[in-house]
Each structure stands twice: as structure tokens, then as C-alpha cells.
Amino acid sequence: MTGKIRVGRAMAALFPLAVVLLILPWLSVPYLTVWMFLFSISLTLAVSYDIVGGYMGYMNLGHAVFFGLGAYTTGLALNQGAHLSLSLCCAGLVAATFAALAGFPLFRLRGPYFALGTFGLVGLMEVLCRNLRDITGGAGGLSTPAGDHSVAAYFLSVALAAGTILLSGALVRSRFGLGILSIREDEEASRAFGTPVTLYKNLALVVSAVPAGLAGGIYVWNVTYISPSSVFGLETALSPIVMALLGGTGTLFGPIAGAFVLTALQEVLWTKMPYLHLTMYGIIMIVVGLFMPGGLARTAFFRSMARLFLRDTGVEGEDHPHRDKGPFRLR
């Protein structure tokens, strides 16, 4: 009964937000719909990145590879006349397959070597897409069938972002989630206590790849054009990492806060100071490293607001068995 009450409180607290999201496309404010679409895509990338980069502690600088693969797979499938649902399934499958194949050699590396190895994949995929002109369109990019998909793409992106958040929250509270958390704390000790470290690391990479691949598919379906630099470029590669670091890695709320702040800053800079767009990433990383090493989620203000929300929804309380643990931990 207590669990049902808590679920009811959580649904009641989130109900106003759900209503706003449902009616937003019909408020005659197209800019907000477009911004929410971009925010949802960014949120999906940030939360899915944090599965490996935050919970498991491996900085994956190549997370954009899954986004780009999903985008190109969906674009090619749509151009062959495939239905959107089949195209998105192919995008998720290709991203997961690539993650499974790349994980075994990559996870033989650790620390900065792993980060550099994954970052090299981004450059490699960009070069391949530029040179495989007959398939990808080369540097000229790939166009998909034109059409106004803004409303449908908005709902798909919001649903994907919500599903990714739920996946992250459920994942870290599972046995598998505890396994990848133990890998982050001490990989050798985790292995000594019987955790299948190699399997869990590769599985975490595969799980994080699927939402990113789907996000790429929805993105290209809506914008109807992509190029190697737009999906494998430096900005796309760095944005999910900066969002997670800004919000706070290893928490459920951190990537959400980071995605919101960074997406809002990007819009301001694109309109006011586009020449500072990429510079902003460096500035944010320096500020976070010097003044907020734990990210926004671990600042006193954010912790107090999060505790207030969780207490009101019944998620956190004195008798809650996972207080300050898992994705809801606030320390």
C-alpha cells in the first residue's frame, strides 16, 4: 500500500509537467516546440552517456558515434522506402551491434587511453562517411524524404527522453547496476568478488548505445538532412559529456539539469555570439573543475530542491530503503 501511495504522489507531482508537454505543440509557439525537441535529443544523449561515463566511471568520448550511426542508418532506410518504425529499429540495432563489437577491444584500455580510443572512433566514422560517397553522400551530406514531422518528432523525442531516464533509474537499482557501480569504485575488487566485469562493461556500452542511436534516427527524420560534421563533429561529441559533467555524473538528476542549462546557453549563443559556441564548452569544463567538481546536482541549492521534490512525492523518506543511494543519491 505504501508503494502505491508513493507512486500516486509521484504521478500527481509530474502530472502538470505532462499536461504542458502534451499541449505544447498546439500553443502556437513553434519556437518552444523546436527547442523542446532539441532539448529532448540532448537529454537522451546526456543520460545515456552517463550509464558508462557516470555510473561505470569510463569516460566515453565516442558516444556521438552511436548518434551518428543511428542517424545515417535511419536516413538510408527511409530513402529506401522503409517505414519509420522499421528504420528506427534498424538504427537501434546497428548502434547496439557496433557497441558490442567495439567494446571488447576498447575495454582493454583504461583511463585516458580508453577516452582517447573512443574519441578516435568519432574521427574515424566522420572520415568514413566523407569517403563512402555512394552510400552516405560524402561531404555533401544525406537528405531524407521531405515533410513536416515537427509535431510527431517532438512527441517521439520527449517519449525517448522519458524512457531513457526511466531506463537509467531502473538500471542503477538493479543487480546489473550495482555491478557497474562496483566497477567504478574498484574494478579489481569487483572482479575478485565475482562480478563478470568484462560482460558488464560491454553490456553497459550496448545499453547506452541504443537510446543514442534512436535519438539520431528521430533527429534525421525531423531535420531531413545530415552531414558527417553535423553528427560526428566535435560539438556533437563533446556536448553529452559537458552536459553530464555540468549537471553531475553518476546521478539521475545531474544530466537532466546539465542538458537543460547547456541547451538554453546554446540557443543564446547561437543568436547573440555564435563565435563563442564551442569556446563555451571549455569555459564550462574549467568552471566545473574549479568550483563545482561534483556538478550542479551536488550543490547545496540543488540538493535541497531535489530532497524537497522527492519528499513531496514520497520517493525519499526516513523509511525509504534506498535513501541517498542509487540514482536518487544526493551526495
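The following exchange concerns a predicted model of a single chain.

Biologist: Which rules govern the numbering and the values in this model?
Modeller: Residues are numbered from 1 along each chain as its sequence is written. In this predicted model, local features need pLDDT of at least 70 and side-chain atom pairs count only at pLDDT 80 or more, while totals for chains, interfaces and linings use all residues; side-chain values use heavy atoms, with hydrogens and water left out.

Biologist: What is the average pLDDT of the chain?
Modeller: pLDDT is the predictor's confidence in each residue, from 0 to 100. A score of at least 70 is reached by 86% of the residues, and the chain average is 84.

Biologist: Which element of the chain has the highest mean pLDDT?
Modeller: Helices (H or I, at least four residues) and strands (E, at least two) are DSSP runs numbered from the N terminus, and the chain holds 15 helices and two strands. Among these elements, helix H1 (residues 2-23) has the lowest mean, 61, and the highest, 96, belongs to helix H3 (residues 64-79).

Biologist: How many contacts beyond four places in sequence does the model have for residues 1-5?
Modeller: A contact means heavy atoms within 4.5 Å. Throughout residues 1-5 the pLDDT stays under 50, and the number of such contacts is zero.

Biologist: And how many contacts beyond near neighbours in sequence has the stretch 314-331?
Modeller: Over residues 314-331 the pLDDT is likewise below 50. In the model, the contacts of this stretch beyond near neighbours nevertheless number 47.

Biologist: Is threonine 224, with its positive phi, buried or exposed?
Modeller: Most residues other than glycine have a negative phi. Threonine 224 has a phi near 65° and lies in the loop between helix H10 (197-223) and strand E2 (225-226). Buried means under 20% relative accessible area, exposed over 50% and partly exposed in between (1.4 Å probe, protein chains only). The relative accessible area of threonine 224 is 19%, so this residue is buried.

Biologist: Which helices each supply at least two residues of the lining of the largest cavity?
Modeller: On a 1 Å grid over the protein atoms alone, a cavity is a set of points where a 1.4 Å probe fits but cannot get out, and lining residues have an atom within 4 Å of a point. The lining of the largest cavity includes Phe98, Ala102, Phe114 and Leu205. The helices asked for are H4 (84-106) and H5 (111-131).

Conventions. 1 Å grid on protein atoms, 1.4 Å probe; cavity = no way out; pocket = protein on both sides within 12 Å on 5 of 7 lines; lining within 4 Å.
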